[in-house]
Amino acid sequence: MRTFPILVAGPALTALAVLSACAPADESAPSTPAAQTCQKDALPTLTEGVLTFATDQPAYQPWFINDDPANGQGFEAAVAYAVAGKLGYTKEDVRWERVPFNSAIAPGPKNFDANLSEFSITDERKQAVDFSSPYFDVTQAFITLPSSPAASVTTLEGLRDVRLGAQVGTTSYEAAEKVSGGSEVSVYNNNEDAKAALVSGQIDALALDLPTAFAVQMELADSKIIGQLPSEPGNAEQFGIVLDKGSALTACVSQAVDQLGDEGVLFRLQKEWLAGPGAAPFLP
């Protein structure tokens, strides 16, 4: 078990928090490779000597800054370059592709070696793609506007009486469905559409992962985070790097992530780029 506390103050965010990430054992994970096989010259990447990462477009803060993954700014951009470094790749050896969220986790060959787009590790997704070791634990949160009926909500029970929305195919959508009490959850192709629906009053509250909720709170004047869902004991939601199913790179990428955790690099990057639950109470 490794613990990565988050005491965060990102450039665009001011909330502080502590989040613990204890990765459960994954019996299906590839065995640990020999160190000498996890270096640039030995890795079968799509393009020899190049490590191709991918992410969605747009790529949101605080995961990527200015929708430019190549600048290395933002938590996931920084993690990508840290992983690349562990595998022997310089920043100049890294390329980026843009791949829609749902396409990245669909079955079939990929045009990337590894993808970071806030992908939660789930058993269903593991049927189509590989995941690295987890690099971040996350909870789900709900954000609203002062003019919305959801502005006075303080409990999970209260969320059942308001209109919820989320991005398609995300665990935020799954979380909204669980708390909706059977009411229909509005679904959107991306978070930009979902935010527009919140602003226009089509929905009362928007479900997002907590760090993205803090970023949206900064974007939408007077918006507030209603609260976050408590983690399920022994079943924390975790982000992992996506690779092609059966990729020869999976074990090495996982080894790199594990080393970054053990060395405290993930903790440092989380402190630099992410905001935690300091201003988001747990919903009773």
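**View 1. An open sheet of 5 strands with mixed pairing, in the order β7-β6-β8-β5-β9.** This view, like the others, shows a predicted model. β7 (186-188) and β9 stand at the edges of the sheet, and each has a single partner strand, so one side of each is left without a neighbour in the sheet. From one strand to the next, the twist averages 30 degrees. Between β5 and β9 there are 4 bridges, and the two strands run antiparallel. One of the residue pairs is Ile-143 with Ile-225, the latter being its bridge partner in β9.

**View 2. Helices α6 and α7 on the strands of the sheet.** Helix α6 lies across β5, β6 (164-167), β7 and β8. The direction of α6 is at about 150 degrees to β8. Helix α7 lies across β5, β8 and β9, and its angle to β8 is about 125 degrees.

**View 3. Helix α7 (residues 210-219) and its surroundings.** Of the 10 residues in α7, 7 are buried, so the helix is largely enclosed by the rest of the structure. The buried residues are Leu-210, Pro-211, Thr-212, Ala-213, Phe-214, Ala-215 and Val-216. What do the buried residues of α7 pack against? They pack against the strands β4 (129-138), β5 (140-144), β8 (205-209) and β9 (224-228), and against α6 (191-200).

**View 4. Strand β1 (residues 51-55), buried along its length.** Because 5 of the 5 residues of β1 are buried, the strand is largely enclosed by the rest of the structure. Both of its faces are covered. Leu-51, Phe-53 and Thr-55 are buried on one side, and Thr-52 and Ala-54 are buried on the other.

**View 5. Strand β1 with its partners β2 and β3.** Strand β2 (residues 94-98) runs parallel to β1 and is joined to it by 5 bridges. Across this pairing, Phe-53 stands opposite Trp-96 of β2. Between the two strands the chain passes through helix α1 (residues 75-86), and this β-α-β crossover is right-handed. Strand β3 (residues 114-115) also pairs with β1 in the parallel sense, over 2 bridges. Here Ala-54 stands opposite Asn-115 of β3.

**View 6. Asn-115 in strand β3.** Is Asn-115 buried or exposed? Its relative accessibility is 0%, and buried means under 20%, so Asn-115 counts as buried. The side chains of Asn-115 and Ser-117 are joined by a polar contact of 2.9 Å. Leaving aside neighbours within four places in sequence, Asn-115 is in contact with Ala-54 and Thr-55, with Val-99 and Ala-104, and with Gly-240, Ile-241 and Val-242. Among these contacts, Ala-54 is the residue of β1 that stands opposite Asn-115.

**View 7. The loop between β1 and α1, with two cis peptide bonds and a positive phi.** Pro-58 lies in this loop. The peptide bond leading from Gln-57 to Pro-58 is cis, and its omega is near 0 degrees. Pro-62 is also in the loop between β1 and α1. The bond joining Gln-61 and Pro-62 is a cis peptide bond as well, with omega about 5 degrees. Asn-66 lies in the loop too. Its phi is near 60 degrees, which is a positive value in a residue other than glycine. With a relative accessible area of 60%, Asn-66 is exposed.

**View 8. Glu-118 in the loop between β3 and α3 (123-126).** The phi of Glu-118 is near 55 degrees, a positive value in a residue other than glycine. Glu-118 has a relative accessibility of 16% and counts as buried, whereas Asn-66, in the loop of the previous view, is exposed.

**View 9. Residues 1-29 and the confidence of the model.** The pLDDT of the protein chain averages 86, and 86% of the residues score at least 70. Where is the pLDDT below 50? It is below 50 over residues 1-29. In the model, this stretch has 80 contacts beyond near neighbours in sequence.

Key:
Residues are numbered from 1 along each chain as its sequence is written. Side-chain values use heavy atoms; hydrogens and water are left out. Buried means under 20% relative accessible area, exposed over 50%, partly exposed in between (1.4 Å probe, protein chains only). Two strands pair if DSSP finds at least two bridges between them. A crossover is right-handed if, with the strands pointing away from the viewer, the path from the first strand over the helix to the second runs clockwise. pLDDT is the predictor's confidence in each residue, from 0 to 100. Contact means heavy atoms within 4.5 Å. A polar contact is a pair of N or O atoms within 3.5 Å; within protein, one must be able to donate a hydrogen and the other to accept it, and residues adjacent in sequence count only if both atoms are side-chain atoms. Axes are lines fitted to C-alpha atoms, for helices over the stretch in contact, and angles run from 0 to 180 degrees between N-to-C directions.
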